[in-house]
Amino acid sequence: MVIDMRTRICPFCKEDIHSQALVCRYCRRDLPPMEQPRRNHSHAWLAVITAAGIIVSGAAFLAAEFLRERKNWLTDPPRQPESRNPPD
Ligand SMILES: [Zn+2]
């Protein structure tokens, strides 16, 4: 049997079926949709997840820095500047 662009092989029974068939006409199984060139969704999700990860890690870094600075403020009271006194 000649396989042209309009047919594909059923993954279950390995028979030639229509490329856009949703149910195999031989084994009556539901077929997964044929791979389509539009994969923008997964790329968009990847970008969203990456951006979210960057934002979350950046926020966590800033929060850690802030807490560390705050701890320094609490332990070391700000000293009076010594060089500000004008010489008499
Ligand atoms: Zn089949």
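1. A residue is exposed if 12 or fewer other C-beta atoms lie within 10 Å of its own, and buried if 20 or more do. Keep that in mind for Lys-14: with 10 C-beta neighbours inside 10 Å, Lys-14 counts as exposed. One caution up front: this is a predicted model.

2. Where does Lys-14 sit? Look in the loop between strand E1 (7-9) and E2. What caught my eye there is the backbone: Lys-14 is not a glycine, yet its phi is positive, at about 60°.

3. Arg-28 is the other residue I would pull up on screen. Its phi is near 65°, again a positive value in a residue other than glycine. Arg-28 belongs to the loop between E2 and H1. Buried or exposed, then, for Arg-28? Exposed, because Arg-28 has 9 C-beta neighbours inside 10 Å.

4. On to the overall layout. The protein has two strands and one helix, and the order from the N terminus is β-β-α. Strand E1 covers 7-9, strand E2 covers residues 16-18, and helix H1 takes up residues 40-75.

5. How much of the protein is buried? Just 1% of its 88 residues count as such. The contacts are worth reading alongside that figure: among those between residues at least 6 apart in sequence, 3% join residues at least 24 apart.

6. Finally, confidence. The average pLDDT for the protein is 82, and 72% of the residues score at least 70. Which element has the highest confidence, and which the lowest? Strand E2 comes out highest, at 93, while helix H1 is lowest, at a mean of 88.

Technical notes:
Residues are numbered from 1 along each chain as its sequence is written. This is a predicted model: local features need pLDDT of at least 70, side-chain atom pairs count only at pLDDT 80 or more; totals for chains, interfaces and linings use all residues. pLDDT is the predictor's confidence in each residue, from 0 to 100. Helices (H or I, at least four residues) and strands (E, at least two) are DSSP runs, numbered from the N terminus. Two residues are in contact if their C-beta atoms, placed from the backbone, lie within 7 Å.
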